[in-house]
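I wanted to go through this fold strand by strand and write down what turned up. These are my notes, in the order I looked things up.

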Amino acid sequence: TASASPHLPEFAGKRAIVTGAAAGIGRAIAEALAAQGVRVAVADLNLAAATQTAAEIGRGAVAIEVDVRKRASVESAFQAALAALGGIEILVANAGVSTMQRALDLTDEEWDFNFDVNTRGVFLTNQIVGRHFVAQGHGVIVNTASLAAKVGAGLLAHYSASKFAVLGWTQAFAKELAAKGIRVNAVCPGFVKTSMQSREVIWEAELRGITPEQVINEYVSQTPLGRLETPEDVAGVVVFLCSDAARFMTGQGINVTGGVYM
Ligand code: NAI
């Protein structure tokens with residue numbers, strides 16, 4: 001598991017904000033960073049869940065309420081994290097949502113919901129924390145994109161578009177901030193065992209007229225590494241991207257899909 005990773009000395013005394021960290025991939029990222037000695041702000045829309053997660057992670061983790069769709073909320077969450085932790089050197093912009101719908105039936109509301117959280121949320125958190133990183137002359141950012149940011153995903157046209165945009169932002173922002181000593185990368189998970197996956201499996205089964213088990217079996221059978229992806233599979237790569245081992249990498253979207261996308 002990620003918590004068994006070797007201790008990387010560059011993380012000693014560092015502080016991180018992880019959005020969408022109450023559950024799923026974000027929680028695993030927060031746990032993996034905490035295991036490296038990082039104090040983490042578990043930032044989430046669901047404050048009750050974030051509070052519970054921060055308590056379970058321990059190691060000085062704090063819970064912060066944030067709605068990444070709203071500038072004022074991101075601004076005050078950032079100030080709260082800064083005050084609680086005394087500084088911020090790592091941002092993982094991970095909060096995201098998905099809904100499933102045939103592109104021909106998609107509503108404006110569904111389009112906006114996916115773009116507001118997945119794309120505007122990355123813009124707002126990256127910009128607000130990025131200003132702080134530029135002022136202090138260092139900092140590292142990882143955004144959670146998706147396999148659906150590399151290949152258009154069926155029944156997820158709106159989600160795919162919102163995640164392709166995350167990679168575009170990541171590359172351009174990485175270029176602008178590189179000279180300031182700040183790296184910006186993205187991680188592209190495949191199909192990860194979280195509550196998002198549980199919802200998608202039910203929607204996809206309904207839309208395609210098959211069973212949820214068939215949806216999962218089909219995906220695993222198309223996965224060269226032959227099993228479902230776990231949040232910890234993603235967290236290990238995020239820790240790597242935040243570490244000095246990745247010091248010459250910026251603007252990348254790293255696929256973590258068990259070989260589904262090569
Ligand atoms: P999840 O649904 O299990 O957890 C998402 C967390 O984000 C929840 O705690 C939720 O409260 C929080 N959140 C939702 N809206 C928010 C908002 N407006 N402001 C702040 N927090 C908010 O989802 P999961 O699977 O852990 O996804 C995490 C990220 O990984 C997302 O960006 C998702 O798009 C991405 N991803 C997930 C994949 C999967 O198969 N599960 C595959 C590829 C990417």
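The entries start with ground rules, then go from the sheet to single residues.

**Ground rules.** I am working on a predicted model, where local features need pLDDT of at least 70 and side-chain atom pairs count only at pLDDT 80 or more, while totals for chains, interfaces and linings use all residues. Residue numbers run from 1 along each chain as its sequence is written. My helices (H or I, at least four residues) and strands (E, at least two) are DSSP runs, numbered from the N terminus. I call two strands paired if DSSP finds at least two bridges between them.

**The sheet.** I traced an open sheet of seven strands in the order β3-β2-β1-β4-β5-β6-β7, with parallel pairing. Why do β3 and β7 each have one side without a neighbour in the sheet? They stand at the edges with a single partner strand each, so that side is left free. I also took the average turn between neighbouring strands, direction ignored, and got 20 degrees. For angles, axes are lines fitted to C-alpha atoms (for helices over the stretch in contact), and values run from 0 to 180 degrees between N-to-C directions.

**β1, β2 and β3.** I went through the bridges here. β1 (residues 15-19) pairs with β2 in the parallel sense over five bridges, and V18 sits opposite V42 of β2. On the other pairing, β2 (residues 39-44) and β3 (residues 62-65) are parallel over four bridges, with A41 facing V62 in β3. Helix α2 (residues 47-57) completes a right-handed β-α-β unit with β2 and β3. Right-handed here is a clockwise path from the first strand over the helix to the second, seen with the strands pointing away from the viewer.

**β4, β5 and β6.** Next I checked the run through β5. β4 and β5 run parallel and are joined by four bridges; I90 has V140 of β5 as its bridge partner. β5 pairs with β6 over six bridges, again in the parallel sense, and V140 has R183 as its partner in β6. I found two more right-handed β-α-β units: β4, α4 and β5 make one, and β5, α5 and β6 make another.

How enclosed is β5 by the rest of the structure? Six of its six residues are buried, so β5 is largely enclosed. My cut-offs: buried takes 20 or more other C-beta atoms within 10 Å of a residue's own, exposed 12 or fewer, partly exposed in between, with C-beta atoms placed from the backbone. In a regular strand, side chains alternate between the two faces of the sheet. In β5 both faces are covered, with G139, I141 and N143 buried on one side and V140, V142 and T144 on the other.

**Helix α5.** I looked at its length first. α5 (residues 157-178) has 22 residues and reaches 31 Å from first C-alpha to last, close to the 32 Å expected; that expected span is 1.5 Å times one less than the number of residues. Its buried residues include Y159, V166, W169 and F173. They pack against α4 (108-136), β5 (139-144), β6 (182-189) and β7 (253-256), where contact is two C-beta atoms, placed from the backbone, within 7 Å.

**The core.** I pulled up the largest nonpolar core, which has 73 residues, and I29, V40, V42, A43 and V238 touch the most other members. Such a core is a set of buried Ala, Val, Leu, Ile, Met, Phe, Trp, Tyr and Cys residues joined through C-beta atoms within 7 Å. Leaving aside neighbours within four places in sequence, V42 has contacts that include V18, A30, I57 and V62.

**Single residues.** I90 lies in β4. Is I90 buried or exposed? It is buried, because 25 other C-beta atoms lie within 10 Å. Beyond four places in sequence, I90 is in contact with K14, A16, L33, V38, V140 and C242.

I also flagged positive phi outside glycine. R59, in the loop between α2 and β3, has phi near 50 degrees and counts as partly exposed with 15 C-beta neighbours inside 10 Å. L155, in the loop between β5 and α5, has phi near 65 degrees and is buried, with 20 other C-beta atoms within 10 Å.
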